[in-house]
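Have a look at the fold below and let your eye wander for a moment. We'll then walk through it together, from ring pairs to the sheet.

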Amino acid sequence: MGRVHTEAVRRLGNVEVVAIAGRTAESARKLAESLSVERSTGDYRELLRDPEIDAVHICTPNSLHFPMATAAMEAGKHVICEKPLATTVREAEIMIALAKEKKLANCTLYNLRAYPQVQNMRRLCEAGELGEIQVLQGTYSQDWLLYDSDWNWRVESGPSRTFADIGTHWCDLIEHVTGARITSLCADLHTFYKTRKKPKGSVETFSGKTLQPSEYTQVDVTTEDFGAMIFQMGQSARGSMTVSQVAAGRKNRLFVEIFGTKASAAWNAECPDELWIGHRNSPNELIIKDATLFPEKARSYADLPGGHSEGYDDTFKQVFRRFYQTVADRNAAVEYPTFEDGMRQLQVLDAVLASSQKRAWADVV
């Protein structure tokens with residue numbers, strides 16, 4: 001994620017990446033050299049003491065988000081933090097309060113909001129083009145942890161893995177697009193591999209498929225490989241979704257369908273430039289991304305002409321552009337997910353964990 005952030009920031013043209021902090025001085029140096037960043041350190045606190053640094057991007061494992069973000073804000077730095085924002089709702093509350101106290105720009109990186117067709121779908125909902133929303137369904141499916149020999153630090157990241165990692169992305173997107181909230185849910189989380197083979201060395205996300213068994217040690221696993229949820233949204237809408245990191249062939253398929261009383265819409269992150277619109281009494285439509293034909297509020301999320309693809313890396317650029325506008329102008333409109341949005345998904349996650357443990361419905365507080 002550090003690489004993704006660095007490349008996206010550089011595309012803005014008005015923000016400079018001045019330093020990288022890593023787990024060790026050596027690992028930070030190697031990454032900095034590969035990205036042509038002059039300064040690196042094994043101690044992030046060194047960078048926080050630099051008054052010339054305005055903002056910090058936190059791309060570390062989940063348990064480090066809270067201490068690093070609070071330290072950065074105490075040092076007066078604006079903060080972009082990868083999701084999940086923290087490990088508990090209480091930590092998130094402290095982070096929100098500190099950002100308000102220090103009057104700092106703050107962002108939880110739910111970047112999937114920034115796909116042009118996601119914004120197009122949002123504005124269709126907002127304008128009432130789909131009618132009253134009745135049913136929502138979808139999935140977020142990946143296969144990178146399909147085998148017991150697949151490993152990532154997320155396997156040991158806390159009480160939840162798959163739902164915390166990708167399920168919250170799906171929930172944030174559906175709430176952002178519809179403008180409604182998940183109010184109650186019934187969830188089931190399941191771990192297919194009770195043990196996994198942990199590599200003796202570090203492995204980057206999605207890159208561990210060629211390691212050999214001799215390079216592993218066997219460890220117990222408590223985080224889930226799969227999750228399913230039915231839910232109530234707003235006053236009357238109902239929905240269902242699944243999340244999986246053991247779905248063979250699905251590399252990164254976030255799929256969402258929204259069914260209203262007038263029409264429906266469906267979007268798949270593996271085909272991000274396409275938006276399907278469904279009708280009852282007329283032919284269905286497949287809309288190809290062309291920002292000139294989008295509702296006005298969605299147009300600015302696409303920088304390229306129609307027919308020119310904009311994907312995952314572009315979503316980071318769009319979020320960062322809006323974030324740094326508020327860094328430069330503290331009165332600028334906040335058009336990106338904040339720490340409060342990060343806390344919101346921690347509240348959803350708490351309800352998912354409680355529901356699965358009790359095997360019963362749970363309210364989202």
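Rings of Phe, Tyr and Trp (its six-membered ring) count as a pair if their centres lie within 6.5 Å; planes under 30 degrees apart are called stacked, over 60 edge-to-face, and the rest tilted. With that rule, a search of the whole structure turns up seven aromatic pairs. Bear in mind that this is a predicted model: local features need pLDDT of at least 70, side-chain atom pairs count only at pLDDT 80 or more, and totals for chains, interfaces and linings use all residues. Residues are numbered from 1 along each chain as its sequence is written, and side-chain values use heavy atoms, with hydrogens and water left out.

Take Phe316 and Phe320. Their ring centres are 6.1 Å apart and their planes sit at 65°, so this pair is edge-to-face. Both residues lie in helix α9, four residues apart, which is about one turn of the helix. (Helices, H or I and at least four residues, and strands, E and at least two, are DSSP runs numbered from the N terminus.) An α-helix has 3.6 residues a turn, so residues three or four places apart point the same way. Phe316 counts as buried because its relative accessibility is 0%, and Phe320 is buried at 0% as well. Here buried means under 20% relative accessible area, exposed means over 50%, and partly exposed is in between (1.4 Å probe, protein chains only). Ring pairs also bring in Tyr312, linking Tyr312, Phe316 and Phe320 into a cluster.

Now for the sheet. Nine strands form an open, mixed sheet in the order β15-β14-β13-β12-β6-β11-β10-β7-β16. Two strands pair if DSSP finds at least two bridges between them. At the edges stand β15 (285-288) and β16 (362-363), each with a single partner strand, so one side of each has no neighbour in the sheet.

Zoom in on β10. Eight bridges join β10 (residues 226-233) to β11 (residues 237-244), and the two run antiparallel. Gly227 stands opposite Val243 in β11, while the bridge partner of Ala228 is Thr242. In the hairpin of these two strands, with three residues in between, Gly234 takes a positive phi near 65°. Eight bridges also join β7 to β10, again antiparallel, and Ser184 has Gln232 in β10 as its bridge partner.

Which way do the side chains of β10 point? In a regular strand they alternate between the two faces of the sheet. Along β10, Gly227, Met229, Phe231 and Met233 point to one face and are buried, whereas Phe226, Ala228, Ile230 and Gln232 point to the other and are not.

That leads us to the largest nonpolar core, which has 43 residues; Met229 and Phe231 are among those with the most contacts inside it. A nonpolar core is a set of buried Ala, Val, Leu, Ile, Met, Phe, Trp, Tyr and Cys residues joined through side-chain atoms within 4.5 Å. Helix α7 gives the most to this core, with eight residues. Leaving aside residues up to four places away in sequence, Met229 touches residues including Phe163, Leu185 and Val352; contact means heavy atoms within 4.5 Å.

Finally, see how α7 (residues 162-178) lies across β6, β7, β10, β11, β12 and β13, running at about 150° to β11. Axes are lines fitted to C-alpha atoms, for helices over the stretch in contact, and angles run from 0 to 180 degrees between N-to-C directions.
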